[in-house]
Amino acid sequence: MNIINEKLILAYGLTNIEEKELNSLLSIQNILPCKVIKNNMGDFTIKEILSNIEGKESNIELPHEKLLLFNGYSDKRLYDLIDSLKQIKSADTILAAVTPTSIKWTISYLMQHLIGEREAYRKMK
């Protein structure tokens, strides 16, 4: 199976305890463990992370945020999955789905974009 289309959750900024809780919940649902995005992966595209590209590092410092990025899930399954994660994720965790556009973005750019969207939404409230 092509990893780009595989159902997978990418996680950034979680504590070790949060990561273990997430993976435990995923295991119960027969979902692969999350793939952790490391702080030195700011210049990696989402596609490179999904493809397990290694060997390059970035000096770009990623923001101190928590991110769960969902790849390959149908809308219905995604909503059900997010609902099941409510018990373990914090209120400030950014949730997003990989799209045909965002898969080409670097993790740094994606996070800036998502933080900007969150801030715009908060201002509208």
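These are my notebook entries on what I looked up in this predicted model.

**Entry 1: the overall layout**

I started with the secondary structure and found four helices and four strands in the protein. Reading from the N terminus, I wrote down the order of the elements as β-α-β-α-β-α-β-α. I then looked up the radius of gyration, which is 14 Å, close to the 14 Å that the globule rule gives for 125 residues, so the protein is as compact as a globular protein of that length. The C-alpha atoms fill a box of roughly 40 × 35 × 30 Å, taken along the principal axes.

I also looked up burial, and 41% of the 125 residues count as buried. Among the contacts with a separation of 6 or more, 75% are made by residues that lie 24 or more positions apart.

**Entry 2: the sheet**

In what order do the strands of the sheet lie? I found an open sheet of four strands, in the order β2-β1-β3-β4, and the pairing is mixed. The edge strands are β2 (35-36) and β4, each of which pairs on one side only.

I then followed β3 and β4, which run parallel and are joined by four bridges. Two residue pairs went into my notes: Leu-68 has Leu-95 of β4 as its bridge partner, and Phe-70 has Ala-97 of β4 as its partner.

As background, I reminded myself that in a regular strand the side chains alternate between the two faces of the sheet. Strand β4 shows this alternation, since Ile-94 and Ala-96 point to one face and are buried, while Leu-95 and Ala-97 point to the other and are not buried.

**Entry 3: the two sides of helix α3**

Which residues of α3 are buried? I listed Leu-78, Leu-81, Ile-82, Ser-84 and Leu-85. These residues cover an arc of only 160° around the axis, which puts them on the same side of α3. On the other side of the helix, Asp-75, Lys-76 and Tyr-79 are exposed.

I next asked what covers the buried residues of α3. The covering elements include the strands β1 (8-12), β3 (67-71) and β4 (94-97), together with the helix α1 (16-28).

**Entry 4: a salt bridge within α3**

I counted the salt bridges, and the structure holds six of them. The general idea I kept in mind is that side chains of opposite charge can pair when their charged atoms come close.

One of the six joins Asp-80 to Lys-76, with the closest N and O atoms 2.8 Å apart. Why can these two residues reach each other along the helix? Asp-80 and Lys-76 are four residues apart in helix α3 (residues 75-85), so they are separated by about one helical turn. The general rule behind this is that an α-helix has 3.6 residues a turn, so residues three or four places apart point the same way.

I also checked how open each partner is to the surroundings: Asp-80 counts as partly exposed at 37% relative accessibility, whereas Lys-76 counts as exposed at 58%.

**Entry 5: a network around helix α4**

I then turned to a group of charged residues, and found that Glu-65, Arg-118, Glu-119 and Arg-122 are linked in a network of salt bridges. Within this network, the side chains of Arg-118 and Glu-119 meet at 3.4 Å, N to O. Glu-119 also forms a salt bridge with Arg-122, where the closest N and O atoms are 3.4 Å apart. Glu-119 and Arg-122 both lie in helix α4 (residues 107-124), three residues apart, which is about one turn of the helix.

Is Arg-118 buried or exposed? Arg-118 counts as buried because its relative accessibility is 17%, and the cut-off for buried is under 20%. Its partner Glu-119 counts as partly exposed at 32%, and Arg-122 is partly exposed too, with a relative accessible area of 45%.

Finally I looked up what else surrounds Arg-118, which lies in helix α4. Leaving aside its neighbours within four places in sequence, Arg-118 is in contact with Glu-65, Asp-92 and Ile-94. I had already met two of these residues, since Glu-65 belongs to the salt-bridge network and Ile-94 is one of the buried residues of β4.

Technical notes: Residues are numbered from 1 along each chain as its sequence is written. This is a predicted model: local features need pLDDT of at least 70, side-chain atom pairs count only at pLDDT 80 or more; totals for chains, interfaces and linings use all residues. Side-chain values use heavy atoms; hydrogens and water are left out. A salt bridge is a side-chain nitrogen of Lys or Arg within 4 Å of a carboxyl oxygen of Asp or Glu. Buried means under 20% relative accessible area, exposed over 50%, partly exposed in between (1.4 Å probe, protein chains only). The arc is that of the directions from the helix axis to the C-beta atoms. Contact means heavy atoms within 4.5 Å. Two strands pair if DSSP finds at least two bridges between them. The radius of gyration is taken over C-alpha atoms; the globule rule is 2.2 Å times the number of residues to the power 0.38.
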